[in-house]
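Biologist: I am new to this structure. Could you take me through it, one question at a time?

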Number of protein chains: 2
Amino acid sequence: MSNSENSPVRESPVPMSECGAALAIEQIPDRWTWLIIREMFYGVGRFADIQADISIPKSVLSGRLAQIVENGLAKKEAYRDGSSRTRHAYALTQKGRELAPVLLALMQWGDRHMKNGESALELTDKRSGNPVKIGIVPKGGALPLRWLSYAPTQKKSDGTSGD
Amino acid sequence: MSNSENSPVRESPVPMSECGAALAIEQIPDRWTWLIIREMFYGVGRFADIQADISIPKSVLSGRLAQIVENGLAKKEAYRDGSSRTRHAYALTQKGRELAPVLLALMQWGDRHMKNGESALELTDKRSGNPVKIGIVPKGGALPLRWLSYAPTQKKSDGTSGD
DNA sequence: TTTCTGAGTTTGACATTTGAACTCTGCTCT
DNA sequence: AGAGCAGAGTTCAAATGTCAAACTCAGAAA
């Protein structure tokens, strides 16, 4: 950050009620909510699938999903699985999708500090195919979200088609 | 995000234990931890000041600070207030400071979706003075964190020097 | 109609959070 | 030196939230 950081600051320059960060935190207040949104980013939207991936108790998942929908981050959608029964899945709304930079910045930070810089996901500009990251840019200089593409980094030989 | 997003994904492509985002979330698991880190970003580091700003119970603050220090996001430092007694304050470490893009991306999101795009903080490149933001950039194209400067946005006439 | 399955809700034991009261330490005042 | 005070916690009981297992319910399949 680094402003003139000499004397201790006694009070935040921006009160909670006017700070975008604080307001955002109210919408994603806990670990479970973050992890659920992470799942949805990866495209995992069905109740049981989310539950299995992150090992969340059903009762908690149900409550968190309700909040997430209430806050407009995701919505519940019906879809047709193959040609079979109607199913439901939660999918991010535009508002939810716009959390991508946050989640990706978090991922970059986690990769750097908890995984010695090894990322499990490769981000690229889908126009050029060039690698991208989240960072500080001159206003107007960022690539639009819809150009972003990601692919899991190749792990050691994975036996390819498992099943 | 937008990969080939047709069939529903049944499982996250990156397991929790290898996902930088999931690992990061473990270090900042709840609302209070986020808010405390927000305070430290603003330079607020003293126990009582943090407590007053975010209205956290002392017992919880004390526990969260211990975790934050344990995770290496901040450290407790002694300093001399004026010429008076020794005091202590918590200050972000390098690791903690590198959360800036996450927090700022969160702020941008909050400003856009909860404040009609009005930000309480103006970010600039401190060399050029040009406004900056957090976004997707070609790898190597981001400005270094230390060039970032911020200032509270002018609110409607604030009577200056309150008191 | 019965069965199955995905998506919850309910339950009751356990854990965490709250807010108030209490402690401890190191100045500062007399 | 001794009393007082303020900052930075700790301790406690009540309220709230979490967990895992058992239960419910609706729609499709047999």
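What follows is a set of short questions and answers on this predicted model.

Biologist: How many helices and strands does chain A have, and in what order do the elements run?

Modeller: The secondary structure of chain A consists of six helices and five strands. Read from the N terminus, the order is α-α-α-α-β-β-α-α-β-β-β.

Biologist: What percentage of chain A is buried?

Modeller: Chain A has 163 residues. A residue counts as buried when its relative accessible area is under 20%. The buried share of chain A is 44%.

Biologist: Which residues touch the most other members of the largest nonpolar core?

Modeller: That core has 89 residues. Its members come from chain A and chain B, among them A:Ile36 and B:Ile36. Those that touch the most other members are A:Trp34, A:Ile36, A:Leu99, B:Trp34, B:Ile36 and B:Leu106.

Biologist: Which residues of chain B does A:Trp34 contact, leaving aside neighbours within four places in sequence?

Modeller: Within its own chain, A:Trp34 is in contact with A:Ile28, A:Val102, A:Leu103 and A:Leu106. Across in the other chain, its partners are B:Ile25, B:Trp34 and B:Leu106.

Biologist: What area is buried between chain B and chain A?

Modeller: On chain B, 80 residues are in contact with 80 residues of chain A. Carbon and sulfur atoms give 66% of the buried area. The area comes to about 7900 Å².

Biologist: How many salt bridges are there between chain B and chain A?

Modeller: One pair is B:Arg10 with A:Asp49, whose closest N and O atoms are 2.6 Å apart. Polar contacts between the chains are counted too, at 25 residue pairs. The count of salt bridges between chain B and chain A is six.

Biologist: Which element gives the largest share of the side of chain B that touches chain A?

Modeller: Several elements of chain B each supply at least two residues, including α1 (20-27), α2 (31-41) and β4 (132-138). By class, that side has 47 nonpolar, 11 polar and 22 charged residues. The largest share is 13 residues, and it comes from α6(B).

Biologist: Which residue of chain A forms a salt bridge with B:Glu26?

Modeller: B:Glu26 lies in helix α1 of chain B, and its partner lies in helix α2 of chain A, so the pair joins two chains. B:Glu26 is partly exposed, at 39% relative accessible area. The partner is partly exposed too, at 24%. The closest N and O atoms are 2.5 Å apart, and the partner is A:Arg31.

Biologist: Which residues are linked with A:Arg10 in a network of salt bridges?

Modeller: Side chains of opposite charge can pair when their charged atoms come close. Here the network takes in residues of both chains. Linked with A:Arg10 are B:Arg46 and B:Asp49.

Biologist: Which residue does A:Arg64 meet in a salt bridge, and where is that partner found?

Modeller: A:Arg64 sits in helix α4 (residues 58-70) of chain A, and the pair links distant parts of the chain, 34 residues apart. Both residues of the pair are buried. The N to O distance is 2.5 Å. The partner, in the loop between α1 and α2 of chain A, is A:Asp30.

Biologist: Why does A:Ile28 count as buried?

Modeller: A:Ile28 is found in the loop between α1 (20-27) and α2 (31-41) of chain A. Leaving aside neighbours within four places in sequence, A:Ile28 is in contact with A:Thr33, A:Trp34, A:Ile37, A:Leu73 and A:Leu99. Buried means under 20%. A:Ile28 counts as buried because its relative accessibility is 1%.

Biologist: How far apart are the C-alpha atoms of A:Ile28 and A:Arg64?

Modeller: Along the chain, A:Ile28 and A:Arg64 are 36 residues apart. In space, their C-alpha atoms are separated by 9.7 Å.

Biologist: Which side chain makes a polar contact with the side chain of B:Thr33?

Modeller: B:Thr33 is found in helix α2 of chain B. B:Thr33 is buried, with a relative accessible area of 1%. Beyond four places in sequence, B:Thr33 is in contact with B:Gln27, B:Ile28, B:Arg64 and B:Ile68. The polar contact, at 2.7 Å, is with the side chain of B:Asp30.

Methods:
Residues numbered from 1 in each chain as written. Chains lettered and ligands numbered in written order. Predicted model: local features only at pLDDT ≥ 70, side-chain atom pairs only at ≥ 80, totals over all residues. Heavy atoms only, no water. Core = buried A, V, L, I, M, F, W, Y, C linked by side-chain atoms within 4.5 Å. Buried < 20%, exposed > 50% of the residue type's maximum accessible area, 1.4 Å probe, protein only. Contact = heavy atoms within 4.5 Å. Buried area = accessible area lost by both parts, 1.4 Å probe. Salt bridge = Lys/Arg side-chain N within 4 Å of Asp/Glu carboxyl O. Polar contact = N/O pair within 3.5 Å; in protein donor to acceptor, adjacent residues only side chain to side chain. Helix = DSSP H or I, 4+ residues; strand = E, 2+ residues; numbered from the N terminus. Nonpolar A, V, L, I, M, F, W, Y, C, P; charged D, E, K, R; others polar.
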